[in-house]
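Got a new structure open and wondering where the labels come from? Let's go through some of them together, one question at a time.

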2 protein chains.
Amino acid sequence: MKIFTTIDEIRAWSNEHKRGGKTVGFVPTMGYLHRGHVSLIEASVEENNYTIVSIFVNPTQFGPNEDLDKYPRDITKDTETTKNAGVDVLFVPLVNEIYPKDYSTFVNVEEISDYLCGSTRLNHFKGVATVVTKLFNICNPTKAYFGQKDYQQAVVIQRMVRDLNMDLTVVVCPIVREADGLAMSSRNVYLSHEERAQSLSINISLKMASKLVDLGERNTVNLIEKVTSILEESDLISVEYVEVVDVKSLHRVDKIESRAVLAIAVKIGSTRLIDNIILEV
Amino acid sequence: MKIFTTIDEIRAWSNEHKRGGKTVGFVPTMGYLHRGHVSLIEASVEENNYTIVSIFVNPTQFGPNEDLDKYPRDITKDTETTKNAGVDVLFVPLVNEIYPKDYSTFVNVEEISDYLCGSTRLNHFKGVATVVTKLFNICNPTKAYFGQKDYQQAVVIQRMVRDLNMDLTVVVCPIVREADGLAMSSRNVYLSHEERAQSLSINISLKMASKLVDLGERNTVNLIEKVTSILEESDLISVEYVEVVDVKSLHRVDKIESRAVLAIAVKIGSTRLIDNIILEV
């Protein structure tokens, strides 16, 4: 596995393979890789001739009071993980390689970036859309892989790729969970023993909502109430939002008619976790 | 010469030639082509294996009270002009091919888009940056050509290409002028006979400024005063701005130290014209 830190290196490598008619899969990450990331890498390795993984903790997607500085990092373990998963190139740029002095260009997917997580994480998706545009232009992939756990992110990236006519395919892979149901996240490492125990109510509440829909519930106000009440039984959890929205527009829906997504954001102690489930009738 | 109207056609054509190791030059225009455009096309034909010209009057770069609806169009003459200039593909998309329903993604080069023309034409450069990003992603050029007449536009596009790591070279070509000195612009057709006569003071004032710099003037306040007073001698001209700015940052400069750009925007009747000159010591 090659490790590149400069834009020139990775671009030359990718362009050479693309010109040779090969396909290149790309998995952008912020590192501290878990089995969720590995599932994206496995999909890419399966579907493409070559796979690039990037590790870049992107400062422009963190707010001033968020966890940029303490975001977990373990490049040694990540190198092992990617090598074992069959990655061809690991791209690990420094911040000033990505954001030079007097950097000033931003990509923003308006409206849908303001809902859900966007309502509290101002400019978060602008930072995500910008860095992903840059990484796409640098790595020139055939396909790029994102996890459904960050549902809004996947929708924002899909809309951006369509709107800006980017010449690649976005693949969204299912959520990977711990054995007890907690969605994999690099931030799970922040949880204390007790917080980790209480975090289980997130997945329990999602499964309950899905069950209620199976039993005939269509009214989203009722579903949201039920989910919220389950979450609020845990004294360490504070609910940021529980919403049922259209799978593409992210507009709130009153009734579940075909497919909708139930999305949750909570804080457990000082750790912010998100999760979601597709509700289908 | 091929004429394409869909994104799929032009992308397939360009990608085929790029994969074959050929270079593709690209000249994005809003049509109603004049000798300024032709000079860009000639540079592209000279420097690349193939040349694409796009004609698209981009709605997102016009303000609500601007001249989108009456912007001059002559696709028959433009087809002749491009064919004669050796263009390989003319790309003429409809508006809904470029901006589908629920379009919502925009590229913005912050700060430098707000100076000069950006201070009165709100969101103009956001519209320009967005459509140029799209056209670059669609046409996948090796080099793209812009005129120095739209100086701020050229700087915004260069910054965007650098910031977003777009894999192409931006070429800026010199201003082409009528025999009497008026900078070529599709909007010159709006001018009445009398307005056309008075428009000459724009170039006269720029040449005067350059002359003063040659004679030792370094103070930009004095230069701006002199240029403004020449423009204001013409009763049909109202000055929007006269500024001397850094060639890259577009920040105002007090003293001309090496290179700066003197940029002018005026209204002659209801027609808005811009022009500029590089001042070098």
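**Where the two chains meet**

Strand 5 of chain A and strand 5 (residues 105-109) of chain B pair in the antiparallel sense, over five bridges. Keep in mind that this is a predicted model.

Q: What makes strand 5 of chain A and strand 5 of chain B count as a pair?
A: Pairing takes at least two bridges between the strands. Here there are five bridges, so the label fits. One of the links is easy to find: A:Thr105 has B:Val109 as its bridge partner in strand 5 of chain B.

Q: How many residues of chain A and of chain B are in contact?
A: 29 residues of chain A touch 29 residues of chain B. In chain A, the residues that lose the most area to chain B are A:Thr105, A:Leu164 and A:Asn165, together 23% of what that side buries.

Q: Why is an area quoted for an interface?
A: The size of an interface is often given as the accessible area lost when the parts come together. For chain A and chain B that comes to about 2500 Å², with 40% of it on carbon and sulfur atoms.

Q: Why is the meeting of A:Arg11 and B:Asp167 called a salt bridge?
A: The cut-off is a side-chain nitrogen of Lys or Arg within 4 Å of a carboxyl oxygen of Asp or Glu. The side chains of A:Arg11 and B:Asp167 meet at 3.8 Å, N to O, so they qualify. Between chain A and chain B the count is six salt bridges, and there are 26 residue pairs in polar contact (both at pLDDT 80 or more).

Q: Which elements give two or more residues to the side of chain A that touches chain B?
A: They are helix 1 (7-19), strand 5 (105-109), helix 6 (124-139) and helix 7 (151-163) of chain A. Helix 6 of chain A has the largest share, six residues. By class, this side of chain A has 10 nonpolar, eight polar and 11 charged residues.

**A residue in helix 6**

Q: Why does A:Asn137 count as buried?
A: Buried means under 20% relative accessible area. A:Asn137 has 18% relative accessibility, so it counts as buried. This residue lies in helix 6 of chain A. Leaving out residues up to four places away in sequence, A:Asn137 touches A:Arg11, B:Asn137, B:Leu164, B:Asn165 and B:Met166.

**Strands inside chain B**

Q: Why is strand 2 (residues 24-29) of chain B described as largely enclosed by the rest of the structure?
A: Six of its six residues are buried, so the description follows. B:Val24, B:Phe26 and B:Pro28 point one way from strand 2 of chain B, while B:Gly25, B:Val27 and B:Thr29 point the other way, and all are buried. Strand 2 also runs parallel to strand 3 (residues 50-55) of chain B, joined by six bridges. Among these links, B:Thr29 has B:Ile55 as its bridge partner.

Q: How do you know that strand 9 (residues 259-268) of chain B is mostly covered?
A: Eight of its 10 residues are buried.

Q: Which strands of chain B are joined to strand 9 by bridges?
A: Strand 8 (residues 237-246) runs antiparallel to strand 9 with nine bridges, and B:Val239 stands opposite B:Val266. Strand 10 (residues 271-280) is also antiparallel to strand 9, with 10 bridges; there, B:Ala260 has B:Leu279 as its bridge partner. In the hairpin of strand 9 and strand 10, two residues sit between the strands, and B:Gly269 takes a positive phi near 60 degrees.

Note on methods
Residues are numbered from 1 along each chain as its sequence is written. Chains are lettered from A and ligands numbered from 1 in the order in which they are written. This is a predicted model: local features need pLDDT of at least 70, side-chain atom pairs count only at pLDDT 80 or more; totals for chains, interfaces and linings use all residues. Side-chain values use heavy atoms; hydrogens and water are left out. Buried means under 20% relative accessible area, exposed over 50%, partly exposed in between (1.4 Å probe, protein chains only). Helices (H or I, at least four residues) and strands (E, at least two) are DSSP runs, numbered from the N terminus. Contact means heavy atoms within 4.5 Å. Buried area is the accessible area (1.4 Å probe) that two parts lose on being put together, summed over both. A polar contact is a pair of N or O atoms within 3.5 Å; within protein, one must be able to donate a hydrogen and the other to accept it, and residues adjacent in sequence count only if both atoms are side-chain atoms. Ala, Val, Leu, Ile, Met, Phe, Trp, Tyr, Cys and Pro count as nonpolar, Asp, Glu, Lys and Arg as charged, and the others, Gly among them, as polar.
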